[in-house]
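Here are a few notes to help you find your way around this one. Have the model open while you read, and take the points in order.

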Amino acid sequence: MKLNSKTRGTFVGVLFLSLLIGTLVWEIIERLAGGFGVPIDLSVGPLGFDAHVLAVWVRANPGTAAAVYPGLRFFQSL
C-alpha cells in the first residue's frame, strides 16, 4: 500500500501497533533474561511531558526501534 492522504490513518495505526508489540516483546526478553540471572537494561526514559492536566511518559527500548522496519514492511504489503 502506498502512503497518501487516504491511507495515513492506517499507516499511523500499523506503526503504533508495531511499536507497541516491539516494546512488549523486548520487555518480555528482559524479564526472561533477568530470570536466568542475566540483567539487561537498555531502556531509555521515561521521556515525556506533564501539562498539569495531561501527563504522557514513554519508555523506549531497542525493541521499539527494531519494530519500525517490520511495521513499514507490513504496511507496504497491505
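1. Where is L24 placed? Look in helix α1, which covers residues 8–35. Keep in mind as you go that this is a predicted model. L24 has a relative accessible area of 48%, so it counts as partly exposed, falling between the 20% and 50% cut-offs.

2. L24 also belongs to a nonpolar patch on the surface. Its partners there are F16, L17, L20, I21, V25 and I29. Taken together, the patch residues offer about 660 Å² of accessible area.

3. Next, see how α1 meets helix α3, residues 68–77. The two pack at an angle of about 145°, and their axes are 9 Å apart. The crossing of α1 past α3 is right-handed. On the α1 side, the contact is made by T10, F11, V14, L15, S18 and L19. On the α3 side, V68, G71, L72, F74 and F75 take part.

4. How many salt bridges does the structure hold? Just one, and it links R31 with E27. The closest N and O atoms of this pair are 3.0 Å apart. As background, side chains of opposite charge can pair when their charged atoms come close. Both residues lie in helix α1, four residues apart, which is about one turn of the helix. R31 has a relative accessibility of 62%, so it counts as exposed, the cut-off being over 50%.

5. Is E30 buried or exposed? This residue is in helix α1 too. Its relative accessible area is 9%, so E30 counts as buried, that is, under 20%. If you leave aside neighbours within four places in sequence, E30 is in contact with I40, D41, L42, S43 and R59. Try showing E30 and R31 together: E30 is buried, whereas R31 is exposed.

6. Last, have a look at H52, in the loop between β1 (44–50) and β2 (55–60). What is its phi? The value is near 65°, which is positive, and H52 is a residue other than glycine. For context, most residues other than glycine have a negative phi. H52 has a relative accessibility of 79%, so it counts as exposed, with the cut-off at over 50%.

Methods
Residues are numbered from 1 along each chain as its sequence is written. This is a predicted model: local features need pLDDT of at least 70, side-chain atom pairs count only at pLDDT 80 or more; totals for chains, interfaces and linings use all residues. Side-chain values use heavy atoms; hydrogens and water are left out. Patches are made of residues with over 30% relative accessible area and no salt bridge: like charges are joined within 9 Å, nonpolar side chains (Val, Leu, Ile, Met, Phe, Trp, Tyr) within 5 Å. Accessible areas come from the Shrake-Rupley method with a 1.4 Å probe; for residues, only the protein chains shown count as cover. A salt bridge is a side-chain nitrogen of Lys or Arg within 4 Å of a carboxyl oxygen of Asp or Glu. Buried means under 20% relative accessible area, exposed over 50%, partly exposed in between (1.4 Å probe, protein chains only). Axes are lines fitted to C-alpha atoms, for helices over the stretch in contact, and angles run from 0 to 180 degrees between N-to-C directions. A crossing is left-handed if the near helix is turned anticlockwise from the far one by less than a right angle, and right-handed if clockwise. Contact means heavy atoms within 4.5 Å.
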